[in-house]
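Ready for some practice with a protein model? Work through each exercise on your own before you read its solution.

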Amino acid sequence: ADGRFCSACGSSLGSPAGDSSPPPVVPSVEPAVERSGDWADEIVYENLLEYSDVRARIARAGQRSRKQMTGEEMLALFDSIVPTGVSLQKLTATLLPVFDRIGIRTGKQSTITLPVRAGHGMVATLCVLASQGFDLQKVDQSPDGCVLTAMIPSTIWTNRGELVVAVRRADRAIQIRAATTISGQLMDWGKSKRLLSDLFDEVRGELSSMSPRDALHGRHVA
C-alpha cells in the first residue's frame, strides 16, 4: 500500500519518512473477536474496530487521503540540494521540543454537539482523521467517551503539531471537542481555525451517510 492507511483493514501505515514523532497507534489487522450487529451506540475504540463494517468505512476514508510533502521533507530536500554543513531538518527536529518546554506554541480549540448516536460520532471522527491523513498516535478510553490524539503534519508555513479530539456522550447526543497545538510558533496563519472548521464539516458529512434523518447542524462553541 502506498497511502497512509491500509485499504484492507484501515490500519495506519506509519508516518512519512524523516518524521521523528512517536509511531502511530496501529490496530490489529485481524481482531481477536469479530463482532456483528449494530455498533451505533458503541463508543469504545477497540470494540468498534472489531466490526468489519467499521474497518471498511475507515479504510475507504483513508483511500481519499492525498499525501502532501511535509515541512520536514521539504527541509530534507533543501539540505540535499543546498548543503550548508548544518542539517536544517535535524536542527528543526531538535529545537521544537525546546520551544514546547519554554511555551512557544499556538493553537485553538472548538466544541460541537450533534444529535447523533455515540458510535456514529466515533466512526465519523475516525473516518475524517483517516481521510485527512492524520496519523493516530494515542487513544485514551473512558466509559462515556474517547480521546484521540493525532499528529498534525508540518507545512512550509507551520511546524508540526498535535490534534486532540475528544468524543463523549451527551444527553441523547454526542459532544466533539477538538484542540490543536502547533509547536515553536506564536502564530499559525489561520491553520488551526481552518483545520477545526474542516474537521467538523467533514464529520457532519460522514454522519449524513450513516444517519441521514438526524439533524446534523448541532451547536457549535468556539
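**Exercise 1.** How many residues apart are R204 and D201 in helix α6?

*Solution.* Keep in mind that you're looking at a predicted model. R204 and D201 sit three residues apart in α6, so about one helical turn separates them. Now check their side chains: they meet in a salt bridge, 3.2 Å from N to O. As for exposure, D201 has 44% relative accessibility, which makes it partly exposed.

**Exercise 2.** Find which parts of the chain the salt bridge between D38 and R117 ties together.

*Solution.* Start with the distance: the two side chains meet at 3.2 Å, N to O. Next, place the partners. D38 belongs to the segment before α1 and R117 to the loop between β1 and α5, so their pairing ties together parts 79 residues apart in sequence. Then look at accessibility: D38 is exposed at 56%, while R117 is partly exposed at 36%. Finally, widen the view, and you'll find D38, D41 and R117 linked in a network of salt bridges.

**Exercise 3.** Work out which helix or strand gives the largest share of the largest nonpolar core.

*Solution.* First, get the total: this core has 41 residues, and M122 is among those with the most contacts inside it. Second, list the suppliers; elements giving at least two residues each include α2, β1, α5 and α6. Third, pick the winner: α5 provides the largest share, nine residues. To finish, zoom in on M122: setting aside neighbours within four places in sequence, M122 is in contact with I43, Y45, L48, C146 and V167.

How values were computed. Residues are numbered from 1 along each chain as its sequence is written. This is a predicted model: local features need pLDDT of at least 70, side-chain atom pairs count only at pLDDT 80 or more; totals for chains, interfaces and linings use all residues. Side-chain values use heavy atoms; hydrogens and water are left out. A nonpolar core is a set of buried Ala, Val, Leu, Ile, Met, Phe, Trp, Tyr and Cys residues joined through side-chain atoms within 4.5 Å. Buried means under 20% relative accessible area, exposed over 50%, partly exposed in between (1.4 Å probe, protein chains only). Helices (H or I, at least four residues) and strands (E, at least two) are DSSP runs, numbered from the N terminus. Contact means heavy atoms within 4.5 Å. A salt bridge is a side-chain nitrogen of Lys or Arg within 4 Å of a carboxyl oxygen of Asp or Glu.
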